[in-house]
Amino acid sequence: MSKETIRFGKSAVTTQEFVAEGHTFCTGCGEALALRLACKALGENVIIGNATGCIEICTSPFPVTSWRVPWIHTLFENTASVISGVEAGLKILMNKGKRPEQDIKCVAMAGDGGTSDIGLQALSGALERNHNFLYLCFDNEAYMNTGIQRSSSTPYGASTTTAPAGKFSIGQITKKKNMVAIAAAHDIPYVATACPSYHFDLMRKVRKGAEVEGPAYIHILSPCPTGWRYSSNLTIEISQLAVQTGIFPLYEIENGRYRLNADPPELKPVEEYLKPQGRYRHLTSDNIERIQRLVNEDYARLKKKAAAFPM
Amino acid sequence: MSRRVALEAAHAVAEAARMADVDVIAAYPITPQTHIPERLAEMVADGELSAAYIPVESEHSAMSACLGAAAVGARTYTATAGQGLELMHEVLYAASSMRYPIVMAVCNRALSAPLSIWGDHSDAMATRDTSWIQIFCQNSQQAFDMTLWAFRVGEDPNVLFPVMVHFDGFHLTHVTEPVVLPEQEEVDRFLPKLDYPFALDPHKPMTHGAFGIPDVYSEAKVAQEIALRKSKSVILQGFQEFGDIFGRHYYPVEPYKTEGAQTLLLTMGSFGETAQIAVDTKQSKGESVGLLNLRLWRPFPFQELREAVKNAQKLIVFDRCISFGGPGGPVCSEVRSALYNERERPTVVSFVGALGGREMSPQDFEYVIDRGREIAEKGSEELFETVGIRGEVTGIRG
Amino acid sequence: MADELTWKDAKVGNIITEAGNASFRQTGDWRTERPVLDKETCIKCGLCWIHCPDAAIKPGEDGYYEADLYYCKGCGICASICPVGAITMIEEEEK
């Protein structure tokens, strides 16, 4: 007799695993955990479109698949376009009576590379056209699947293979692209950030994004032991620190109105977050001070926006 | 009652898509294709066609959206030309390898640089190996007919390949010609409903687009190639059924006055109709010349081509594209390849012309025939001949 | 498995119709450490279950959550986040 759900206080989480055990994500992968939680929040009535990347590679080596829900992968930069076609196709086929009426949520999943770089155009188009879909960006802050190359989501000061720290370089010299602001600029009903250490928050947001009529975008921080170079058991601690230091604030934007989900009275110093990660090992105390200033500025700006446009 | 109307090819194919009751159209405008998405958008806006029109933000997204729509079982249609076909290049391979029966009109346009909105076959030639079924049209009627045929063949459960319907930019897309439109009832008899067997559905979860390690990739590709070649029988069956219902018969290689012809000219697309006039002139002078229209481009009709040329001494192939640094005329290189192992085969001569919208008159085709026969007799150092290039170039050496 | 596939086995479009058939893969042989549960200390909170990236921790009949060693990769997240320290990672022995 196996239980269908497990209760955590008032929440009940399904025991169903939509991504089968035995996948090939790295030991301790934050993205695998985020994916597992997101899928539990989404349930069976989905069609998932996936970009090329860690999730795709770790779950679909022909002739076997880890997926227990309908799933389509085509290329790297077109997930949002493919899902646009799925969404429009389902809608019209049901309208024309060519497919039975069915409650199916269209979900696009991509990494930071497939979202903020090569996939940005497709995402922008799909958001603008107001398709009814949920877009999940699993952000491990570089092109991890191909070997830790930089993306526009790689944070300032992080070392990657194509923007490595060296004698004349701090690693990433640009700031992380603000995909949440870009998504919100499309005036869509729901935008949020999430992180696997706050598992109920993540699941609630995914469920909310799925229930919304129209486009929803959720940016999920996905700590990567391999690329961030930390001990695999620290994935949850690192995720927590990302939020507690203000580096990755948790918030929602619903129809242009902000809600900060966690606003600690005092942010932890960024050094606590940076120190355990090998990709930041080269940073001097000056570098860390600069990062602290940038985080403080960004966090203050976010708080101002949240105060100006509260939910 | 079928009726005869005046339509440019662009509007003709839009009408064919409407009569085929397409479900999803995802298209990005590009000259000279624009009249197709415009007309389709109009039809949807006025309720003449019940379809989802997705105004995508690029051709790459157009074909990508088509993948998604086809994957859920929608009858899917798009159109493009030139640069647009190039931009969606990688997605073309996904469409065919994943076996989605998408139909696409290609309004053949020259490729940049220099930028040219005008017609030639360079866009089509860049997609030879994409594993799509490909067919060429000579006029608006054929563009309409081949669109219906494309859905019939591509969607057949024994085929499941996407289909490109090629027709010349401007020379067909923007030229009004008489087109016979059939009855809806006839179209419905010819074209069964799409029943895509692998539609994404939570009731029966499937994985589309798994990746292929070296251990499996070769087998997957060979399986695809075998399936594409096998589709030939449905292609021919489609032509047959089309002829039976609509009274217009099409073939992979179509002869024009070729009985007993010693010299044959081979063309693809609308310029063949201009060449027909040249052939008529030649024949009226008692010259032994005929014309072949190469209709089916992929899968290449090896058997029909060999059969069509077996009694000729000279075969002149006219290309509207340069394969740079390579064989020169791409169609000619494929024809030569098809005939290489034949014990008896005509001498094949290659001509390239009508690039980037450059006109060819019947007199130009007469020149091609004359010069072609001369080269076939005397031989030539040149790999291919050019037509109408100012600056004293008539041939290019290999 | 993959190297036995013939071209005829490649389903149309390489579509996989058997959901989750990758679950045969024994990722348990990746690990160098494995989690051990002290049932005396365990409060059955379920946090280890919810935090396992591999869904390798399974709820048992007795209400305890234990690692399925067939799949467990030994990442140590469960040991790290257990609020009462009921899970310890120990070195895998040489077989």
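In the model, Thr267(B) stands opposite Asn293(B), a residue of strand S12(B), where helices (H or I, at least four residues) and strands (E, at least two) are DSSP runs numbered from the N terminus. This pair belongs to the ladder between strand S11 (residues 263-267) of chain B and strand S12 (residues 289-294) of chain B, which run parallel and are joined by five bridges; two strands are said to pair if DSSP finds at least two bridges between them. The model is a predicted one, in which local features need pLDDT of at least 70 and side-chain atom pairs count only at pLDDT 80 or more, while totals for chains, interfaces and linings use all residues. Residues are numbered from 1 along each chain as its sequence is written, and chains are lettered from A and ligands numbered from 1 in the order in which they are written.

S11(B) and S12(B) are part of an open sheet of seven strands with mixed pairing, whose order in chain B is S10-S12-S11-S14-S15-S16-S17. Its edges are strand S10 (253-256) and strand S17 (395-397) of chain B, each of which pairs on one side only. On average, neighbouring strands of this sheet are turned by 25° against each other, direction ignored; axes here are lines fitted to C-alpha atoms, for helices over the stretch in contact, and angles run from 0 to 180 degrees between N-to-C directions. Two helices lie across strands of this sheet. Helix H12 (residues 302-309) of chain B crosses S10, S11, S12 and strand S14 (314-319) of chain B, running at about 20° to S10(B), whereas helix H13 (residues 330-339) of chain B lies across S11, S12, S14, strand S15 (347-352) and strand S16 (382-386) of chain B, at about 145° to S14(B).

Chain B also contains another open sheet of seven strands, again with mixed pairing, in the order S3-S2-S4-S5-S7-S6-S13. Here the edge strands, each pairing on one side only, are S3 and strand S13 (296-298) of chain B, and neighbouring strands are turned by 20° against each other on average, direction ignored. S13(B) is held to S6(B) by two bridges in the antiparallel sense, and within this pairing Arg298(B) of S13(B) is the bridge partner of Gln134(B).

Chain B is divided into domain 1 (3-246) and domain 2 (253-397), with bounds that come from an automatic or database domain assignment. The centres of these two domains, taken over C-alpha atoms, are separated by 28 Å. Between them, 27 residues of domain 1 are in contact with 20 residues of domain 2, two residues being in contact if their C-beta atoms, placed from the backbone, lie within 7 Å. On the domain 1 side, the elements that give two or more residues are helix H6 (122-125), strand S6 (133-136), strand S7 (163-168), helix H9 (214-230) and helix H10 (232-246) of chain B, and S6(B) gives the most, with four residues.

How many residues of chain B are in contact with chain A? There are 39, and they meet 41 residues of chain A. Strand S2 (24-26), strand S3 (52-54), helix H3 (59-71), helix H5 (89-97) and strand S9 (207-208) of chain B each supply at least two residues of this side, with the largest share, nine residues, coming from H3(B). By class, this side of chain B divides into 24 nonpolar, eleven polar and four charged residues; Ala, Val, Leu, Ile, Met, Phe, Trp, Tyr, Cys and Pro count as nonpolar, Asp, Glu, Lys and Arg as charged, and the others, Gly among them, as polar.

Strand pairing also links the two chains, for strand S4 (residues 71-73) of chain A is joined to S9(B) by two bridges, the strands running parallel, and Ile72(A) stands opposite His208(B). In addition, H3(A) lies across S2 and S3 of chain B, running at about 160° to S3(B). Within chain A, helix H3 (residues 79-95) packs with helix H5 (residues 120-128) at an angle of about 35°, their axes 7 Å apart.

Chain C touches chain B through 13 of its residues, which meet 17 residues of chain B. Along the sequence, chain C follows the pattern β-α-β-β-α-β.
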